[in-house]
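Biologist: Please take a close look at one part of this model for me. I would like to follow the charged pairs and one residue beside them.

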Amino acid sequence: MIKRLFGIARQDAVVQVMPVAEAALVPVPAPPVAAYDSFHVGLRDALSSGWYLQESDELYRGFVISAEDVVLDAGCGDGGSSLFCGHRGAHVIVADIDAGKVEFAKQRLADTPARMVQGLVGDANPLLLEDGIASKVICMEVLEHVDDPAQFLGELVRVGKAGAQYLLSVPDPVQEHMQKKVAPASHFEKPNHIRIIERDQFEKMVTDAGLIVERHEYYAFYWSVWWLLFWVCKVDLSNPQHPLLNSWAKTWELLMDSPNGEQVRQALNDFMPKSQIIVARKP
């Protein structure tokens with residue numbers, strides 16, 4: 001979701017003087033909302049939730065990446081998580097059904113100190129990897145897309161070594177049910193989201209695959225609301241500038257800057273998070 005950082009633009013007001021009688025006949029438009037950096041605010045929110053902890057080498061709190069790790073990023077997308085791991089010197093395997101995304105992720109990793117980078121194109125049925133190769137497995141926002149989550153998770157477990165740690169996430173059901181009321185129908189059709197995964201169902205999927213759940217957490221209320229507004233604004237995701245989205249980003253940043261902002265942010269994350277996260281381990 002966080003693909004880049006935009007600069008914050010500022011629009012200066014232009015003041016014109018005219019006679020009072022003439023001015024009364026001219027409609028006064030609402031002042032424009034300055035372009036705001038939705039993705040930068042989202043990154044700040046993610047950092048507050050325990051993502052991308054540079055000093056401790058934690059991709060997510062408790063999920064430490066080291067140069068000794070072999071990391072599988074299944075459904076790597078644009079490779080943001082893989083990039084973090086590459087900068088820690090890990091052996092990184094980027095896997096996705098989209099060959100273009102795999103190639104893009106490999107290119108991003110080319111300038112990192114990763115000790116090895118592998119690309120794997122396919123639907124993970126099966127994963128073309130040997131048993132027990134990975135010490136860390138990442139699978140973010142993928143299970144809601146696949147035809148057979150049990151088979152997919154089974155492959156992830158097979159390629160993890162004993163004691164391997166797993167970082168898994170799926171959209172949270174509360175916001176997904178709300179999105180379904182406003183998003184285009186295609187958003188909930190293949191190749192997009194084809195299922196809504198309830199919280200207890202997510203845990204059962206993970207334990208049925210043979211993993212031990214260490215933590216089940218929730219984050220990104222900010223993005224739950226942002227996406228609802230995004231569908232209303234009908235702007236391009238590559239440049240989502242709209243007064244409504246800008247106002248929401250500014251409101252959320254003001255909340256984070258307020259004295260009790262963190263307490264409120266965490267309460268809202270529990271109420272309607274964008275994603276639920278499970279950190280698990282292979283016995």
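Modeller: What follows is a walk through the salt bridges, then a look at His91. Keep in mind that this is a predicted model.

The whole structure holds 15 salt bridges. Take Arg88 and Asp57, whose closest N and O atoms are 3.0 Å apart. Arg88 sits in the loop between α3 and β5, and Asp57 in the loop between β1 and β2, so this pair ties together parts 31 residues apart in sequence. Arg88 is buried, at 14% relative accessible area. Asp57 is partly exposed, at 28%.

Next comes Arg108 with Asp78, at 4.0 Å between the closest N and O atoms. Arg108 belongs to helix α4, Asp78 to the loop between β4 and α3, and 30 residues separate them. Arg108 is partly exposed at 29% relative accessibility. Asp78 is partly exposed too, at 27%.

Asp131 and Arg158 form another salt bridge, with closest N and O atoms 2.6 Å apart. Asp131 lies in the loop between β6 and β7 and Arg158 in helix α5, so parts 27 residues apart in sequence are tied together. Asp131 is exposed, with a relative accessible area of 55%. Arg158 is partly exposed, at 24%.

Arg44, Glu253 and Asp257 are linked in a salt-bridge network.

Now His91. This residue lies in strand β5, residues 91-96. His91 is buried because its relative accessible area is 8%, and buried means under 20%. Its side chain makes a polar contact with the side chain of Gln118, at 2.5 Å. Beyond its neighbours within four places in sequence, His91 contacts residues including Asp69, Val71, Arg115 and Met116.

Conventions. Residues numbered from 1 in each chain as written. Predicted model: local features only at pLDDT ≥ 70, side-chain atom pairs only at ≥ 80, totals over all residues. Heavy atoms only, no water. Helix = DSSP H or I, 4+ residues; strand = E, 2+ residues; numbered from the N terminus. Buried < 20%, exposed > 50% of the residue type's maximum accessible area, 1.4 Å probe, protein only. Polar contact = N/O pair within 3.5 Å; in protein donor to acceptor, adjacent residues only side chain to side chain. Contact = heavy atoms within 4.5 Å. Salt bridge = Lys/Arg side-chain N within 4 Å of Asp/Glu carboxyl O.
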